[in-house]
Amino acid sequence: MSPAAKPDVRRVFLGVSGASGALYAVRTLQMLVAAGVAVDLVYSGAARRVLQEETSLILQDDPSLLLEDGQDASLVKLWPHGDIGAPPASGTALGEAVLLVPCSLSTVAGIAHGSAANLLERAAQVALKEGRKLLVVPREAPLGRTHLDNLSKLAWAGATVLPASPGFYHQPKTVLDLVDHVCAKILACCDIEQTQVPAWDGGLSQA
Ligand SMILES: Cc1cc2nc3c(=O)[nH]c(=O)nc-3n(C[C@H](O)[C@H](O)[C@H](O)COP(=O)(O)O)c2cc1C
């Protein structure tokens, strides 16, 4: 394959850290797989705990329990959080984007200060140094000054900071409508088409 050729299957890195909002990760994963995108998936220990507290799901080695019935589980590879030598940690094997959904302010701080102590931080550092897309979805409230400083550092370094703060202009009826609104934005930032959330039409469909 020549350097300019695009691979047949698009591939992204989805890192999940221990911020509240486990559903954001689950729905982003489902939308990526529905779009035929291969996913290198990493859950931190804290993310596994939050997933269990918020959804009762216990993630062991099989990521298919995060997918919808009938989705192609072969598109998802779950890597150990501590495996800093796993292929997605290298510039040559990293996919086209690193998505941290949701991203704890602890992981934000680590990346902002150059830490690469686990696979999630390492993938983020590689994305920054290689000029690849890094998209961070922080969730914390309120945000303290160190949080804001660290998020600003990431934006300054080239990351896209997309807070987990859904819009309401599409008249959501369910929690999932709110979650999907954020997840659709995440995919839009990566130019990945999804069919779950219609594009905003200026409110014409609600008139
Ligand atoms: C139920 C629960 C909810 C949490 N919510 C948040 C949150 O919304 N934002 C955040 O930054 N940290 C939150 N934390 C704290 C992080 O999980 C903690 O800082 C952890 O060390 C993050 O590790 P990680 O970044 O390696 O996943 C939460 C922890 C628990 C147990």
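Helices here are DSSP runs of H or I at least four residues long, numbered from the N terminus. With that in hand, take a look at this predicted model. Leu23 lies in helix 1, which covers residues 22–34. Helix 1 also gives the largest share of the largest nonpolar core, namely eight residues. Let's go through the picture piece by piece.

**The main core**
- The largest nonpolar core has 40 residues, and the ones touching the most other members are Leu29, Leu41, Tyr43 and Leu99.
- At least two residues of this core come from each of these elements: strand 1 (11–16), helix 1, strand 2 (38–43), helix 2 (45–55), strand 3 (76–79), strand 4 (97–103), strand 5 (133–138) and helix 6 (175–189).
- Another core of 24 residues lies apart from that one, and its members include Ala89, Val98, Ile111 and Leu134.
- As background, nonpolar side chains in soluble globular proteins tend to be buried together.

**Who does Leu41 touch?**
- Leaving out residues up to four places away in sequence, Leu41 touches Leu14, Val16, Leu29, Pro63, Leu66, Val76, Lys77, Leu78 and Trp79.

**Out on the surface**
- Leu23, Val175 and Leu176 make a nonpolar surface patch of about 230 Å².
- Is Leu23 buried or exposed? Leu23 has a relative accessible area of 30%, and the in-between range runs from 20% to 50%, so Leu23 counts as partly exposed.

**Ala86, tucked into a loop**
- You'll find Ala86 in the loop between strand 3 and strand 4.
- Ala86 has a relative accessibility of 3%, and the cut-off for buried is under 20%, so Ala86 counts as buried.
- Setting aside residues up to four places away in sequence, Ala86 touches Trp79 and Leu119.
- How far apart are Ala86 and Trp156? Ala86 and Trp156 sit 70 residues apart in sequence, and their C-alpha atoms are 27 Å apart in space.

**Helix 6, end to end**
- Helix 6 has 15 residues, and at 1.5 Å a residue they should span 21 Å, because the expected span counts one less than the number of residues.
- The end C-alpha atoms of helix 6 are 22 Å apart, which agrees with that expected span.
- Which residues of helix 6 are buried? They are Val179, Asp180, His181, Val182, Cys183, Ala184, Ile186 and Leu187.
- Helix 1, strand 4 and strand 5 are among the things that cover these buried residues of helix 6.
- Just after helix 6 comes Asp191, which takes a positive phi of about 55°.

Notes. Residues are numbered from 1 along each chain as its sequence is written. This is a predicted model: local features need pLDDT of at least 70, side-chain atom pairs count only at pLDDT 80 or more; totals for chains, interfaces and linings use all residues. Side-chain values use heavy atoms; hydrogens and water are left out. Patches are made of residues with over 30% relative accessible area and no salt bridge: like charges are joined within 9 Å, nonpolar side chains (Val, Leu, Ile, Met, Phe, Trp, Tyr) within 5 Å. Accessible areas come from the Shrake-Rupley method with a 1.4 Å probe; for residues, only the protein chains shown count as cover. A salt bridge is a side-chain nitrogen of Lys or Arg within 4 Å of a carboxyl oxygen of Asp or Glu. Buried means under 20% relative accessible area, exposed over 50%, partly exposed in between (1.4 Å probe, protein chains only). A nonpolar core is a set of buried Ala, Val, Leu, Ile, Met, Phe, Trp, Tyr and Cys residues joined through side-chain atoms within 4.5 Å. Contact means heavy atoms within 4.5 Å.
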